[in-house]
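Colleague: Pick out what is packed on the inside of this one and take me through it closely, please. I'd like the neighbours spelled out.

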Amino acid sequence: MKTIDAQKTTEIITQILQDESKGFLSSSCITEKPKAISYPMVSDFDEYVKNHLKIEDTVHYNLQSHLYKNFKLTADLVPNKKILTQEQFEEFEKKSENGGFSFWNWLETNCENGYSSISKPIFNETFDLAYVQLGTVCGGLCGGGEERIYELINGKWIEKESFGSWIS
């Protein structure tokens, strides 16, 4: 049986992918680990997230933080997208350093609308509030993303707040 965290993660990511099919997550490729995401320019990320989600239980938050940092998207979560792995990005970097390889040309040929990223949600203790980061890279100076708080209302995740937006 799935844990409540795994169940809620699947629910919210599935819903965000549907809701954002013409927005931040419209590309045909998505990263296994978040890449097209701007991390908050805050001195204490943990306190920042705990405050936004009103998390008081440190043990709960520490587990959520661990799951968030170690999360990888899998094909069962994003069946209609090509997953770009961390290993592929490392290979792209090596090829670029050796010359003769352009990541942007590869991206244009292999991924419609660039690539997207979504973080693992961080949930509050009752799993009815979630912090998520999402974004897209569509070229060298093309992309955007934001941080969001979602609230579970009547079985549907509703975007409650959007902040930390960036665009290039």
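Modeller: The largest nonpolar core (buried Ala, Val, Leu, Ile, Met, Phe, Trp, Tyr and Cys residues joined through side-chain atoms within 4.5 Å) has 19 residues, and the ones with the most contacts inside it are Ile12, Ile13, Ile16, Leu25, Leu73, Ile118 and Val132. Buried is under 20% relative accessible area, exposed over 50%, and partly exposed in between, using a 1.4 Å probe and protein chains only. H1 and S5 each put in at least two residues, and H1 gives the largest share, four. Helices here are DSSP H or I runs of at least four residues, strands E runs of at least two, numbered from the N terminus. Apart from this core lies another, of eleven residues, with Tyr61, Tyr68, Leu129 and Ile149 among them.

Before going on: this is a predicted model, where local features need pLDDT of at least 70, side-chain atom pairs count only at pLDDT 80 or more, and totals for chains, interfaces and linings use all residues. Residues are numbered from 1 along each chain as its sequence is written, and side-chain values use heavy atoms, with hydrogens and water left out. The chain's average pLDDT (the predictor's confidence per residue, 0 to 100) is 91, and 97% of the residues reach at least 70.

Back to Ile13: skipping neighbours within four places in sequence, isoleucine 13 is in contact (heavy atoms within 4.5 Å) with Phe71, Leu73, Leu77, Ile118, Ser119 and Pro121. Threonine 9 is also in helix H1. With 4% relative accessibility, threonine 9 counts as buried, and with the same neighbours skipped it touches Phe71, Lys120, Pro121 and Phe123. The side chain of threonine 9 also reaches the backbone oxygen of aspartate 5, at 2.8 Å.

Now for H3. Its buried residues are His60, Tyr61, Gln64, Ser65 and Tyr68. They take up an arc of only 130 degrees around the axis (going by directions from the axis to the C-beta atoms), so they sit on the same side of H3. Among the elements covering them are helix H1 (4-19), helix H2 (45-53), S4 and strand S5 (129-139). On the face of H3 turned away from the buried side you'll find exposed Val59 and Lys69. The N-terminal end of H3 is capped by aspartate 57, with a side-chain oxygen 3.0 Å from the backbone nitrogen of valine 59.

Notes
A polar contact is a pair of N or O atoms within 3.5 Å; within protein, one must be able to donate a hydrogen and the other to accept it, and residues adjacent in sequence count only if both atoms are side-chain atoms.
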